[in-house]
Amino acid sequence: MDQFLQHVVNALILGGTYALLGIGLTLIFGIMRVVNFTHGELYAFGAYMMYMLVMVLGLNFFVSLGLAIVLGILLGAAIQFILLRKLRDADIDTTMLVMIGAWITLQNTEQLIWSGVAKSIDNPFPDSPLVIGAVSASWTRIFVLIVALALIAGSYALINRTKLGKAMRATFQDRETAALMGVNINAIHMATFALGSGLAAAAGALLGPVFVVYPTMGDLASLKAFAIVILGGLGNIAGATIGGFILAFMEELGAGYISSGYRDAMGFLLIIVILLFKPTGLFARKERIG
């Protein structure tokens with residue numbers, strides 16, 4: 001039982017960052033109908049920015065985290081402005097090819113700048129973990145969970161409680177009608193891609209100090225983000241959040257009770273089984289975002 005509780009705690013901590021990845025990707029697909037293959041590279045970008053700010057420039061850890069997220073938002077806005085703005089009415093195949101090219105370009109750029117050697121990031125938290133009964137967790141991971149939950153709550157508030165969120169939901173439901181009602185579609189697409197990119201960068205900046213940073217770290221993260229979105233239902237933020245925690249929980253169970261080498265396979269096996277019985281995902285709702 002103690003071991004199971006430890007796995008639940010680990011899954012909660014990991015699931016928070018998975019949820020950030022899933023929310024960002026499902027927002028972009030739901031509103032813009034763009035399959036964002038650069039999502040994993042935006043995750044890696046956040047981790048590398050954290051490394052640069054903390055280890056190279058020597059900035060404060062917490063300030064660096066905020067800056068890494070802002071830089072991720074700016075990179076997303078740049079991708080939208082340079083690549084996607086002119087492809088708004090292009091077919092999905094063209095957009096996918098462009099995004100695959102951007103994904104490879106970003107990854108090769110990271111390798112050119114930072115080399116292929118894995119890098120670690122120092123953090124200001126104590127080495128000794130927090131121990132409650134038979135369950136323990138490092139202070140770094142607890143911080144990651146708190147920040148991830150705060151960002152998830154902030155995303156929900158933005159989508160459901162603000163004028164921008166209302167315009168984003170209107171664009172998701174019917175882009176042409178939203179445009180006729182005065183919604184600036186280009187601005188909504190810019191805000192959506194920047195927000196989704198910022199969430200991916202946040203996940204990378206949070207997990208970079210927990211693990212190590214390397215150029216291909218975004219590949220598996222990208223696959224997991226797609227899996228989470230498909231599991232939760234395309235265009236469903238709540239589904240992406242729950243899907244992130246489900247995937248993390250299955251990975252923990254696989255690593256703990258079968259083999260650590262089976263960690264990633266367990267989550268994807270679950271997704272295969274779910275999609276066989278419910279192809280639209282667990283929580284698919286076509287009528288709205290949020």
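This section describes the empty spaces, one helix and several single residues of a predicted model.

The search for empty space came first. Rolling a probe the size of a water molecule over the atoms shows where such space is left. The largest pocket has a volume of about 410 Å³. Its lining consists of 18 residues. Nearest the centre of this pocket lie Leu14, Tyr18, Tyr43, Phe211 and Lys224. Four helices each give two or more residues to the lining: H1 (2–32), H9 (217–232), H10 (237–257) and H11 (263–277). By residue class, the lining of the largest pocket holds 11 nonpolar residues, one polar residue and six charged residues.

Lys224, one of the residues nearest the pocket centre, was examined further. This lysine belongs to helix H9. Its relative accessible area is 7%, so Lys224 counts as buried. Beyond its neighbours within four places in sequence, Lys224 is in contact with Tyr18, Leu247, Glu251, Asp264 and Phe268. Of these partners, Tyr18 is also listed among the residues nearest the centre of the pocket.

The model also contains closed space. One cavity of 30 Å³ or more is present. The largest cavity encloses about 30 Å³. Its lining is made up of Met50, Phe61, Leu65, Thr140, Phe143, Val144, Ala205, Leu206 and Pro209. Helices H3 (61–84), H5 and H8 each supply at least two of these residues. H5 gives the largest share, with three residues. Eight residues of the cavity lining are nonpolar and one is polar. No charged residue takes part in the cavity lining.

Helix H6, residues 163–173, was considered next. Gly165, Ala167, Met168, Thr171 and Phe172 are buried in this helix. Seen down the axis of H6, these buried residues fall within an arc of 160°, so they line one face of the helix. An α-helix has 3.6 residues a turn, so residues three or four places apart point the same way. Lys163, Lys166 and Gln173 are exposed on the other side of H6. The cover over the buried residues of H6 includes H1, helix H5 (139–161), helix H7 (175–180) and helix H8 (185–207).

Several single residues add detail. Thr38 sits in the loop between H1 and helix H2 (39–56). Its relative accessibility is 0%, so Thr38 counts as buried. The side chains of Thr38 and Asn36 are joined by a polar contact of 2.4 Å. Residues up to four places away in sequence aside, Thr38 touches Ile79, Met99, Ala102, Trp103, Leu106 and Phe193.

Ala102 is also a partner of Leu83. Leu83 is part of helix H3. With 28% relative accessibility, this leucine counts as partly exposed. Leu83 and Ala102 are 19 residues apart along the chain, and 8.8 Å separates their C-alpha atoms. Apart from residues up to four places away in sequence, Leu83 touches Ala78, Val98 and Ala102.

Ala194 lies in helix H8. A relative accessibility of 8% places Ala194 among the buried residues. Ala194 and Gln80 are 114 residues apart in sequence, yet their C-alpha atoms are 7.8 Å apart in space. With neighbours within four places in sequence left aside, Ala194 is in contact with Ile73, Gly76 and Ala77.

Backbone angles were also examined. Arg33 has a positive phi, near 60°, and is a residue other than glycine. Arg33 is placed in the loop between H1 and H2. At 44% relative accessibility, Arg33 counts as partly exposed. Ser115 likewise is not a glycine, and its phi is positive at about 70°. Ser115 is found in the loop between helix H4 (92–114) and strand S1 (130–132). Its relative accessible area is 31%, so Ser115 is partly exposed.

Note on methods:
Residues numbered from 1 in each chain as written. Predicted model: local features only at pLDDT ≥ 70, side-chain atom pairs only at ≥ 80, totals over all residues. Heavy atoms only, no water. 1 Å grid on protein atoms, 1.4 Å probe; cavity = no way out; pocket = protein on both sides within 12 Å on 5 of 7 lines; lining within 4 Å. Points joined across faces, edges and corners; volume = space filled by probe spheres on them. Nonpolar A, V, L, I, M, F, W, Y, C, P; charged D, E, K, R; others polar. Buried < 20%, exposed > 50% of the residue type's maximum accessible area, 1.4 Å probe, protein only. Arc of directions from axis to C-beta. Contact = heavy atoms within 4.5 Å. Polar contact = N/O pair within 3.5 Å; in protein donor to acceptor, adjacent residues only side chain to side chain.
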